[in-house]
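Biologist: Thanks for sitting down with me. Please set out your terms first, and then take my questions one at a time.

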Amino acid sequence: MRVLVTGGAGFIGGALVHALLGGGGEVMVVDDLSTGSIDNLHPAAGFRTIDVTGPGLANVVIGYGPEVIVHFAAQVSAAASIVDPDVDWRVNVEGTRAVAEAAVAAGARRVLFASSAAVYGEPQELPLTEESSTEPAVPYGRSKLAAEGVLAEVLRPAGVDFACLRFANVYGPRQRADGEGGVVAEFGSRMARGITPTIFGSGTQTRDFIFVADIVSACAAAAAFEGTLAQPGANGPAYNVSTGLATSVNALAEGLRVAMRYPGEIARGEAREGDVAASVLSPRKAADTFGWKAAVDLQAGLGATAAWFSQQS
Ligand SMILES: NC(=O)c1ccc[n+]([C@@H]2O[C@H](COP(=O)([O-])OP(=O)(O)OC[C@H]3O[C@@H](n4cnc5c(N)ncnc54)[C@H](O)[C@@H]3O)[C@@H](O)[C@H]2O)c1
């Protein structure tokens with residue numbers, strides 16, 4: 001399969017590119033290296049340093065002629081989106097429009113978009129399903145939701161299949177401490193350096209933590225699926241990519257402490273504004289449609305992540 005990955009020098013994108021090439025695929029990466037790194041890039045991948053909102057994108061996509069485009073390039077920080085919502089909107093919405101238009105012009109068969117649990121906002125019901133109400137609490141969630149709409153607007157009339165993969169809280173080796181879902185990275189990098197991590201609020205808030213290899217296998221399964229992912233209806237192309245398991249931040253910190261063999265304290269800080277109290281996403285639709293299920297349990301994933309952090313320090 002010939003795949004173009006935007007944001008392929010990032011944490012998740014880099015892992016996907018390694019897996020696609022390992023499986024015999026051909027890959028082109030488009031990334032502006034704003035938060036990604038050349039170190040994450042597989043040497044066998046084609047690479048162009050391009051901003052998806054800039055003028056060079058369409059020619060590169062048309063020239064490469066991918067069968068599938070996986071669109072990861074984004075402004076990924078919820079906190080940064082509050083500080084500068086205009087930049088967040090430009091990269092996440094206008095960037096997605098540019099990628100969708102390039103996909104149509106290049107005759108791509110399918111676009112997979114990295115959406116987020118942030119589109120749901122404060123959950124009104126648990127577990128969240130793709131039918132749950134979407135009331136994002138931060139500009140990042142609003143831009144991801146708007147980008148889902150842009151994909152429908154541009155790709156449906158052109159007959160290009162697509163899916164909006166709503167990732168839960170992703171963690172794993174190579175994750176930067178300052179991105180979305182960065183609690184594992186933040187705690188891991190601190191524990192590795194012997195710096196006390198801080199749990200904000202009571203720590204009883206829950207999240208659906210998913211290991212990066214499971215995100216990679218979901219993207220690979222969605223890319224290879226032979227049917228149609230963009231089913232009719234507003235939520236038709238949306239798929240939660242999650243474990244379906246809620247883990248409290250306290251339990252996560254304890255699991256990471258064990259994995260990292262961290263002997264120090266864990267501090268407590270004030271709850272952060274906008275932090276949702278509980279979040280868990282049902283992965284059932286992805287299982288029923290393209291036969292994917294998360295396979296890595298939390299302690300195994302934390303073990304692999306801890307080993308990587310230990311090598312860095
Ligand atoms: N990490 C999570 O928990 C999580 C959860 C939900 C959704 N997501 C989404 O998954 C995707 C990948 O996230 P990640 O955690 O790997 O973050 P990341 O920052 O490691 O990866 C994003 C990549 O996109 C590149 N990029 C940013 N703006 C760009 C632009 N304008 N043009 C070209 N490249 C650009 C960056 O350099 C980086 O390599 C993002 O779309 C993110 O919103 C991540």
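Modeller: Two strands pair if DSSP finds at least two bridges between them; strands (E, at least two residues) and helices (H or I, at least four) are DSSP runs numbered from the N terminus. The model is predicted, so local features need pLDDT of at least 70 and side-chain atom pairs count only at pLDDT 80 or more, while totals for chains, interfaces and linings use all residues. Residues are numbered from 1 along each chain as its sequence is written, and side-chain values use heavy atoms, with hydrogens and water left out.

Biologist: Over how many bridges do β1 and β2 pair?

Modeller: These two strands run in the parallel sense. Within the pair, Thr 6 stands opposite Val 30 in β2. The number of bridges between β1 and β2 is 5.

Biologist: Which strands stand at the edges of the open sheet?

Modeller: The sheet has 7 strands with parallel pairing, in the order β3-β2-β1-β4-β5-β6-β11. An edge strand here has a single partner, so one of its sides is left without a neighbour in the sheet. That describes β3 and β11.

Biologist: By what angle are neighbouring strands of this sheet turned against each other on average?

Modeller: Axes are lines fitted to C-alpha atoms (for helices, over the stretch in contact), and angles run from 0 to 180 degrees between N-to-C directions. For this average, direction is ignored. The mean turn between neighbouring strands is 20°.

Biologist: Which residue of β11 does Leu 165 stand opposite?

Modeller: Strand β6 covers residues 161-167 and pairs with β11 in the parallel sense over 4 bridges. Opposite Leu 165 stands Tyr 239.

Biologist: At about what angle does α1 run to β1?

Modeller: Helix α1 (residues 11-22) lies across β1, β2, β4 and β6. A second helix, α5, lies across β5 and β6, running at about 165° to β5. For α1 against β1, the angle is about 170°.

Biologist: Is Phe 113 buried or exposed?

Modeller: Phe 113 is found in strand β5. Leaving aside neighbours within four places in sequence, its contacts (heavy atoms within 4.5 Å) include His 71, Leu 151 and Ala 163. Buried means under 20% relative accessible area, exposed over 50% and partly exposed in between, with a 1.4 Å probe and protein chains only. At a relative accessible area of 2%, Phe 113 is buried.

Biologist: Why do the buried residues of α2 end up on the same side of that helix?

Modeller: In α2 (residues 57-64), the buried residues are Leu 57, Val 60, Val 61 and Tyr 64. They share a side because of the arc that they cover around the axis, which is only 95°, where the arc is that of the directions from the helix axis to the C-beta atoms. On the other side, Asn 59 and Gly 63 are exposed. The partners that the buried residues pack against are β1, β2, β3, β4 and α4.

Biologist: How far apart should the ends of α10 be at 1.5 Å a residue?

Modeller: The expected span of a helix is 1.5 Å times one less than its number of residues. Helix α10 has 15 residues (298-312), and its end C-alpha atoms are 21 Å apart in the model, which agrees with the expected 21 Å.

Biologist: Which residue caps the N-terminal end of α10?

Modeller: Here a polar contact is a pair of N or O atoms within 3.5 Å; within protein, one must be able to donate a hydrogen and the other to accept it, and residues adjacent in sequence count only if both atoms are side-chain atoms. The backbone nitrogen of Gln 299 has a side-chain oxygen 3.0 Å away. That oxygen belongs to Asp 297.

Biologist: Which backbone oxygen lies 2.7 Å from a polar side-chain atom of Ser 242?

Modeller: Ser 242 is found in the loop between β11 and β12. At 1% relative accessibility, Ser 242 counts as buried. The oxygen in question is that of Leu 281.

Biologist: Where is the cis peptide bond that ends at Pro 127?

Modeller: Most peptide bonds are trans. Pro 127 is found in the loop between β5 and α5. With omega near -5°, the cis bond runs from Leu 126 to Pro 127.

Biologist: What is the phi of Arg 174?

Modeller: Most residues other than glycine have a negative phi. Arg 174 lies in the loop between β7 and α6, and a relative accessible area of 40% makes it partly exposed. Its phi is positive, at about 80°.
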